[in-house]
Amino acid sequence: MNYTKLSNIKNHKDLQYEVTKDLWPEFMFHDPISNKYWEKLFTFFPEFQYTLKSNEEILGVGNSIPLYWNKDFNKLPERGWDWALKKGIEDKKKDIKANTLCGLQIAVAKDHQNKGVSTLLLKEMVNTAKKYDYNNVVIPIRPSLKSNYPLTDIDNYITWKREDGLPYDPWIRVHLRFGGEIIKVCNEAMK
């Protein structure tokens, strides 16, 4: 299978929406920070937005944003994703040189889930960070199965393990297998 990465194309945002519109819960489409800044990703940072295709079919999408961070990563703001999106846009407007790439989204089309597409997109983000000489990659993730356990506290959920010792949540597993580590829970993210 041949893969093509698309970026810097006019309808990139629309192509991505076609993949994500049926994947995310409705509340995620009503986040005030996202509604204010999302479009600017494609204007200010087209080279950091990814659409992975095979032949003419979209397999998955990814979005990231460069920003500046010079503090301990344990001190990342509690607002997580919202903070990162706003910070990256504001840094760009202030002409602050980025040193960190923040992943905002990886979404895989329903027909291509569980085929390694998310790992390909994650790898693309990390390679992009290297290309631009960014020191770090941070990704505020939304554990994919957490919504199945609404009464379980997130701090407890992220400690769940399978019998093989790996995290219970598949999205956490993908990141840890790729060399990531859990830094902290952002309790104020996407409220």
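**View 1. Asp95 in the loop between H3 and E4 of the predicted model.** In this predicted model, Asp95 counts as exposed because its relative accessibility is 72%, and exposed means over 50%. The residue is found in the loop that runs between helix H3 and strand E4. Its phi is positive, near 60 degrees, in a residue other than glycine. Most residues other than glycine have a negative phi, and the backbone at Asp95 can be inspected with that in mind.

**View 2. Asp133, which follows helix H4.** After helix H4 comes Asp133, whose phi is positive and near 60 degrees, although Asp133 is not a glycine. The residue is found in the loop between H4 and strand E5, the strand that covers residues 136–138. With a relative accessibility of 63%, Asp133 counts as exposed, because the cut-off for that word is over 50%.

**View 3. Helix H4 along its length, with its buried residues.** Helix H4 has 15 residues and reaches 21 Å from its first C-alpha to its last, which is close to the 21 Å expected at 1.5 Å a residue. Its buried residues are Val117, Ser118, Leu121, Leu122, Met125, Val126, Thr128 and Ala129. The helix covers residues 117–131 and supplies at least two residues of the largest nonpolar core, which is shown in a later view.

**View 4. Ser118 and the residues that it touches.** Ser118 has its place in helix H4, and it is buried because its relative accessible area of 16% falls under 20%. When residues up to four places away in sequence are not counted, Ser118 touches Ile106, Val108, Trp171 and Val174. Strand E4 spans residues 100–108 and helix H6 spans residues 170–177, so that a reader can place these partners, Ile106 and Val108 in the strand and Trp171 and Val174 in the helix, by their numbers.

**View 5. The largest nonpolar core.** The largest nonpolar core has 34 residues, and those with the most contacts inside it are Trp38, Leu41, Ile65, Leu85, Cys102 and Leu104. At least two residues of this core come from each of helix H2 (32–44), strand E2 (49–54), strand E3 (57–67), helix H3 (80–93), strand E4 (100–108), helix H4 (117–131) and helix H6 (170–177). In soluble globular proteins, nonpolar side chains tend to be buried together.

**View 6. Leu85 and Leu104 within the core.** Leaving aside neighbours within four places in sequence, Leu85 is in contact with Ile33, Ser34, Tyr37, Trp38, Leu41, Ile65 and Leu104. Leu104, whose place is in strand E4, counts as buried because its relative accessibility is 7%, and buried means under 20%. With neighbours within four places in sequence again left aside, the contacts of Leu104 are Trp38, Leu41, Asn63, Ser64, Ile65, Trp81, Ala84 and Leu85. Leu104 and Ile141 are 37 residues apart in sequence, and their C-alpha atoms are 7.9 Å apart in space.

**View 7. The second largest pocket and its lining.** The second largest pocket has a volume of about 180 Å³. It is lined by 14 residues, of which Phe45, Pro66, Lys92, Ala98 and Tyr134 are the closest to its centre. The elements that give two or more residues to this lining are E3 and H3, and H3 gives the most, with three residues. By kind, the residues of the lining divide into eight nonpolar, one polar and five charged.

**View 8. Gly180 in the segment after H6.** Gly180 lies in the segment that comes after helix H6, and it is partly exposed because its relative accessible area of 36% lies between the cut-offs of 20% and 50%. From C-alpha to C-alpha, Gly180 and Ile139 are 9.2 Å apart in space, while in sequence they are 41 residues apart.

**View 9. The whole protein chain, for orientation.** The protein chain holds six helices and five strands, and read along the sequence these follow the pattern β-α-α-β-β-α-β-α-β-α-α. Of the 191 residues in the protein chain, 42% are buried. Among contacts between residues at least 6 apart in sequence, 71% join residues that are at least 24 apart.

Key:
Residues are numbered from 1 along each chain as its sequence is written. This is a predicted model: local features need pLDDT of at least 70, side-chain atom pairs count only at pLDDT 80 or more; totals for chains, interfaces and linings use all residues. Side-chain values use heavy atoms; hydrogens and water are left out. A nonpolar core is a set of buried Ala, Val, Leu, Ile, Met, Phe, Trp, Tyr and Cys residues joined through side-chain atoms within 4.5 Å. Buried means under 20% relative accessible area, exposed over 50%, partly exposed in between (1.4 Å probe, protein chains only). Helices (H or I, at least four residues) and strands (E, at least two) are DSSP runs, numbered from the N terminus. Contact means heavy atoms within 4.5 Å. The expected span of a helix is 1.5 Å times one less than its number of residues. On a 1 Å grid over the protein atoms alone, a cavity is a set of points where a 1.4 Å probe fits but cannot get out, and a pocket is an open set with protein on both sides within 12 Å along at least five of seven lines; lining residues have an atom within 4 Å of a point. Grid points are joined across faces, edges and corners, and a volume is the space filled by probe spheres set on the points. Ala, Val, Leu, Ile, Met, Phe, Trp, Tyr, Cys and Pro count as nonpolar, Asp, Glu, Lys and Arg as charged, and the others, Gly among them, as polar.
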